[in-house]
Amino acid sequence: MKNPLTPKWLETASDLSALDARIWPRTAGRTERGEISIGSIPASELVRQFGTPLYVVDQEDFEARLMMAKRAFSDAASKIGTTAKTYYASKALLTTDVVRWVDQADLSIDVSTGGELAVALAAGIDGSRIGMHGNNKSLVEIGRAVSANVGAIVIDSELEIERIASIAGAQDKIQPVRLRVNTGVHAHTHEYLATAREDQKFGIALVDVEEMVEKIRSHSHLKFLGLHSHIGSQIFVVDGFLAAAERLLDVHAKLLINGEVPELNLGGGFGISYTQADRPQELSELATRIANAVAQKCEALGIPVPKLAFEPGRVIAGPAGITLYSVGTIKDVAISDQGPAATRKYVSVDGGMSDNARPALYEAEYSALIASRESNHEGALSRVVGKHCESGDIVVRHCVLPSDIAVNDLIAVPATGAYCFSLSSNYNFLPRPAVVAVKQGSAHLLVRAETEQDLLGRDAGYVPGEV
Ligand SMILES: Cc1ncc(COP(=O)(O)O)c(C=O)c1O
């Protein structure tokens with residue numbers, strides 16, 4: 001009898017130990033003993049060294065994804081006679097080593113706070129390769145960005161024009177800037193809304209852009225690069241990007257009447273597979289369609305094709321990361337009003353919403369496998385939950401795990417490389433897990449795990465020695 005709690009999209013794989021290449025990092029596989037390994041290191045070995053929960057980044061996959069993204073945008077741009085700059089959106093996953101990978105792959109990097117800027121600079125990337133975002137940058141943050149000679153600051157409001165101009169003036173610099181535009185297009189995964197998202201905090205309304213650019217151009221310490229838009233995240237289809245690009249180019253063309261507009265930045269948001277039901281379009285395909293649409297629109301408007309820029313984050317970091325957890329408790333919960341077959345296996349792990357906030361924040365779906373061994377037992381509809389004091393503390397809402405899942409098994413959740421470590425918290429005073437990079441049989445720490453002492457150390461009333 002089918003379990004009525006199974007969502008329509010969830011298929012039971014014929015092999016519950018198999019790794020779907022669309023979801024797992026490129027070096028993930030099973031060892032002879034049946035364990036999941038990444039970068040040729042078995043999960044149990046990583047856990048022995050670094051404990052659980054543990055964020056594991058497949059460095060080879062991350063680096064390949066940086067190159068893949070750069071190539072996708074550059075190739076698409078060169079086919080329409082222009083160039084594309086690719087900024088890695090560091091909010092997805094940021095450590096100094098990650099910045100070094102970005103640097104070595106010759107991408108630029110987008111930061112959105114003084115903290116992210118500090119990490120990028122600490123890693124030694126040149127300021128000219130940094131784009132600075134943020135809808136409420138402090139004067140100190142702007143000052144640091146200007147003195148680091150960042151390649152672009154993205155202006156998000158009229159107030160920032162004066163602020164950046166006067167700080168650049170005080171430092172006797174000419175600061176390149178873009179203007180973030182709220183195109184009214186909001187895209188999310190499968191669909192986009194062309195008008196319904198004017199009511200949000202980012203950017204300048206389309207109708208105000210010409211006036212704002214005039215103001216920017218009136219400042220001798222600012223250099224206007226072009227318009228910017230970011231229409232959302234986890235986008236699978238191209239329509240929203242095309243709608244946003246067309247709207248931007250209509251204004252871009254008007255701006256050309258009074259001065260140069262060398263660039264157009266179309267942001268990030270390219271989607272990935274979190275479960276076997278997710279089928280995003282290939283990045284190269286999306287990039288080509290966007291670039292072609294830009295070229296067509298420019299031809300229709302009779303304007304030169306600008307240089308393009310993009311800011312992918314998730315599509316680089318997401319699939320390269322997995323999280324390892326240990327199973328602590330297991331419960332079969334019967335949902336009595338849904339019929340006799342309606343049971344869900346609740347598998348509690350030693351992390352949760354503090355290391356992956358996305359299911360609680362966005363009802364994001366993930367998938368999971370037993371990492372420490374293979375199993376040929378039949379599947380049981382399961383929910384992987386954390387150890388926090390919230391019923392919404394869910395790691396994987398719907399998955400099918402082997403029915404012999406047991407205490408102390410290791411569970412691996414793939415596609416957690418983006419927006420998991422970066423959104424992590426200390427809720428319930430849980431120390432945040434380590435982030436470790438694996439490559440060709442060796443593992444190295446990107447960020448060490450927090451300890452309770454780290455957390456207590458911030459408590460001004462704590463008397464050392466009491467715990
Ligand atoms: C301005 C901007 N650019 C790029 C990104 C990266 O988006 P994604 O990781 O979905 O590619 C974001 C994400 O919020 C963003 O706000």
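Strand E1 and strand E2 (residues 36-38) run antiparallel and are joined by 2 bridges. Strands here are DSSP runs of E with at least two residues, helices are runs of H or I with at least four residues, and both are numbered from the N terminus. Two strands count as paired if DSSP finds at least two bridges between them. Across this pairing, Arg30 stands opposite Ile36 in E2. The 3 strands lie in the order E1-E2-E3 and form an open sheet with antiparallel pairing. Its edge strands, E1 (29-30) and E3 (41-42), each pair on one side only.

The model is predicted: local features need pLDDT of at least 70 and side-chain atom pairs count only at pLDDT 80 or more, while totals for chains, interfaces and linings use all residues. Residues are numbered from 1 along each chain as its sequence is written.

Strand E17 takes part in two further pairings, listed below.

| Strand pair | Bridges | Direction | Opposite residues |
|---|---|---|---|
| E16 (residues 321-334) and E17 (residues 343-349) | 7 bridges | antiparallel | Asp332 and Lys345 |
| E17 and E19 (residues 379-385) | 4 bridges | parallel | Lys345 and Ser382 |

Helix H3 (residues 96-104) has the buried residues Val98, Val99, Trp101 and Val102. A residue is buried if 20 or more other C-beta atoms, placed from the backbone, lie within 10 Å of its own; it is exposed if 12 or fewer do, and partly exposed in between. In H3 these buried residues cover an arc of only 155 degrees around the axis, and therefore lie on the same side of the helix; the arc is that of the directions from the helix axis to the C-beta atoms. The elements covering the buried residues of H3 include helix H2 (59-79), strand E5 (84-89), strand E6 (108-111), helix H4 (114-122) and strand E23 (442-447). Contact requires C-beta atoms, placed from the backbone, within 7 Å. Just after H3, Asp106 has a positive phi of about 65 degrees.

The ligand is surrounded by 17 residues, the closest being Ala89, Ser233, Gly268, Gly313 and Arg314. A residue belongs to these surroundings if its C-beta atom, placed from the backbone, lies within 6 Å of the ligand.

The protein chain as a whole contains 12 helices and 23 strands. Buried residues make up 49% of its 467 residues. Of the contacts in the chain between residues at least 6 apart in sequence, 70% join residues at least 24 apart. The C-alpha trace spans about 70 × 55 × 45 Å along its principal axes.

Technical notes: Two residues are in contact if their C-beta atoms, placed from the backbone, lie within 7 Å.
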